[in-house]
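Let's take a walk through this one, starting at a cysteine and ending in a loop. Keep the viewer open as you read.

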Amino acid sequence: PFREPHDAVKYRGATMVLMGAHFGRLAPMAKREVPFDQAAAQANVDIVKMLAALPWPAYAPGYEGGEARSEVWTNREGFRKASETFQAAVRELDAATQAGDFDAFRVAFGKTGQSCKACHDDFRKKK
Ligand code: ASC
């Protein structure tokens, strides 16, 4: 689906930037810095959920490069598991937000952030 590796690198980078922005907007609520606003949270979770499904085909064989470490391609099973852990956490975040359950939202927010970090630790180049 990508004409050249560079296009895949840009595509997955764009999804990561947008996910970071919209996941980040949940942080003040999760940290109790502002009151939990279910509608505002859901608007951001919906965007994260949609984006969370998108980047994986852009890591197909042949699309090495950018910030991705070679381990993405040499440890396919590990990368697949990391991506599934992340997507499962996002589903949990979505369910908690839809339910308006703030405690579950906080737990799922933490799990989701951990899964972002775990995958970055193992599969993203050190900055
Ligand atoms: C973010 C973001 C990440 C994760 C990670 C959580 O908002 O951009 O990569 O959360 O920092 O530990």
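Cys116 is partly exposed, at a relative accessible area of 23%; on this scale buried means under 20%, exposed over 50%, and partly exposed in between (1.4 Å probe, protein chains only). Cys119, at 13% relative accessibility, counts as buried. This is a predicted model, where local features need pLDDT of at least 70, side-chain atom pairs count only at pLDDT 80 or more, and totals for chains, interfaces and linings use all residues. Residues are numbered from 1 along each chain as its sequence is written, and side-chain values use heavy atoms, with hydrogens and water left out.

So why is Cys116 in no disulfide? A disulfide is a covalent bond between the sulfur atoms of two cysteines, and here the term is used for a pair of cysteine sulfur atoms within 2.5 Å. The sulfur of Cys119 has its closest cysteine sulfur in Cys116, 8.7 Å away, which is too far for a bond. Searching the whole structure turns up zero disulfides.

Cys116 also helps surround the ligand, along with Gly20, Phe23, Gly113, Lys117 and His120; a residue makes this list if one of its heavy atoms lies within 4 Å of the ligand. Sorted by class, that shell holds two nonpolar, three polar and one charged residues. For the classes, Ala, Val, Leu, Ile, Met, Phe, Trp, Tyr, Cys and Pro count as nonpolar, Asp, Glu, Lys and Arg as charged, and the others, Gly among them, as polar.

Which element gives the largest share of the shell? That's H6, with four residues. Helices here are DSSP runs (H or I, at least four residues), numbered from the N terminus.

Now look at the ligand's oxygen atoms. One sits 3.4 Å from a polar backbone atom of Gly113, and an oxygen is also 3.4 Å from an N or O atom in the side chain of His120. The protein covers 57% of the 310 Å² of accessible area that the ligand has on its own, by the Shrake-Rupley method with a 1.4 Å probe.

Next stop, Asp94, which is in helix H5 (residues 76–99). Asp94 is buried, at 7% relative accessible area. Its contacts (heavy atoms within 4.5 Å), leaving aside neighbours within four places in sequence, are Gln42, Val45, Asp46 and Lys49.

Finally, Tyr63 lies in the loop between helix H3 (38–52) and helix H4 (71–74). Tyr63 is buried too, with a relative accessible area of 11%. Not counting residues up to four places away in sequence, Tyr63 touches several residues, including Pro1, Phe2, Arg12 and Trp73.

Methods: A polar contact is a pair of N or O atoms within 3.5 Å; within protein, one must be able to donate a hydrogen and the other to accept it, and residues adjacent in sequence count only if both atoms are side-chain atoms. Helices (H or I, at least four residues) and strands (E, at least two) are DSSP runs, numbered from the N terminus.
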